[in-house]
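Student: I have the sequence and the model open. Can we go through how the strands and helices are arranged?

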Amino acid sequence: MANILITGITGLLGSHLSEELFKFGHHVYGVTRSISKASYETVNIDLSTDWKISELPANIDVIYHLAQSDKFRDFPSGAPDVFQVNVNSTAKLLNYCRQSGVKKFIYASTGGVYGNGNKPFEEDTPIVPIGELGFYLGSKACGEILAHSYASEFQVIIVRPFFIYGKDQNRSMLIPRLFDNVASGKPIHLIGEKGIRINPIHVDDAVKVLSATLKSSSTLTYNMGGPDIFSIRQICDLFGEHLGKEPYFKHFAGSPMDIIGDISLMSEKLYKPKIKLSETFLDLEKNSSL
């Protein structure tokens, strides 16, 4: 059994991961801005502030750094918040690991660092050039660089998620937003006839992947995506069929460039995802405010 610290524990991925780890008997500490009544032990820190590593527990074995700034869309006004959470806090957590003898650091980056392409991205595919990443994606790439720098001190695992979705997700995120647009008749914008293709992963599968990293002994980077590849049009057509509504598409000229992660390495070494998008419609509908 391990003492595990999770940042971003109140988010979609962090909240589900904490429940999974608790079931296996691990002692879970959650970094959060407010006191929680959940099963984990609260560490009351706001990562967007100038917090100190002395505020962290002294007995942690593993850190899952899942937190990201909720102002990632608000550039440039949200840039200071993004920097504090995504870069400065990552550096502090890594320094804490070195000082406190933490054995494993798992960092949630994003599949967005690859940009768009016409075939699935493998982990050794070069990421977008620094000057073209933008502030948010650049902050995630910085986090990866910082984490890898400590690989000689303790085990570092980078995961690059591709469109996580699941129960109780913020409705502004891609999959629930598409569902709500179909339900309400709002336009779905597509480049070309079908739009880009993606391989979204359900949060329950993502949790299995992250849980499996506890047994891994290698410092590696993993893409984290789902088992099926869909175009945006295909996803909306599936939603429309379930809802009995015809999606409203607005087409724009251009050739869509996909955002698909090759999940061969993840499936071989950690966990092979199983949940299909078509199995989750009721949860999407239940959590919709429409």
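Student: In what order do the strands of the open sheet lie?

Tutor: The model is predicted. Its open sheet has 7 strands, paired in parallel. Neighbouring strands are turned by 20° against each other on average, direction ignored. The order is E3-E2-E1-E4-E5-E6-E11.

Student: Which strands stand at the edges of the sheet?

Tutor: An edge strand here has a single partner strand, so one side of it is left without a neighbour in the sheet. The two that fit are E3 (41–44) and E11 (220–224).

Student: Which residue in E2 stands opposite Ile6?

Tutor: Strand E1 covers residues 3–7 and strand E2 residues 27–32. The two run parallel and are joined by 5 bridges. Opposite Ile6 stands Gly30.

Student: At about what angle to E1 does helix H1 run?

Tutor: Helix H1 (residues 12–23) lies across E1, E2, E4 and E11. Its angle to E1 is about 170°.

Student: What angle does the direction of helix H2 make with that of E4?

Tutor: Helix H2 (residues 79–100) packs on the sheet and touches E1, E4 and E5. With the direction of E4, that of H2 makes about 175°.

Student: Are H2 and H3 roughly parallel or roughly antiparallel to each other?

Tutor: The axes of H2 and H3 (residues 135–149) come within 9 Å and cross at roughly 5°. Angles under 35 degrees count as roughly parallel. H2 and H3 are therefore roughly parallel.

Student: How many nonpolar residues has the contact of H2 with H3?

Tutor: Residues of H2 in this contact include Val82, Phe83 and Leu94, and those of H3 include Phe135, Cys142 and Leu146. By class, 4 residues are polar and 1 is charged, while the nonpolar ones number 11.

Technical notes. Residues numbered from 1 in each chain as written. Predicted model: local features only at pLDDT ≥ 70, side-chain atom pairs only at ≥ 80, totals over all residues. Heavy atoms only, no water. Pairing = 2+ DSSP bridges. Helix = DSSP H or I, 4+ residues; strand = E, 2+ residues; numbered from the N terminus. Axes fitted to C-alpha atoms, helices over the stretch in contact; angles between N-to-C directions. Contact = heavy atoms within 4.5 Å. Parallel < 35°, antiparallel > 145°, perpendicular 65-115°, else oblique. Nonpolar A, V, L, I, M, F, W, Y, C, P; charged D, E, K, R; others polar.
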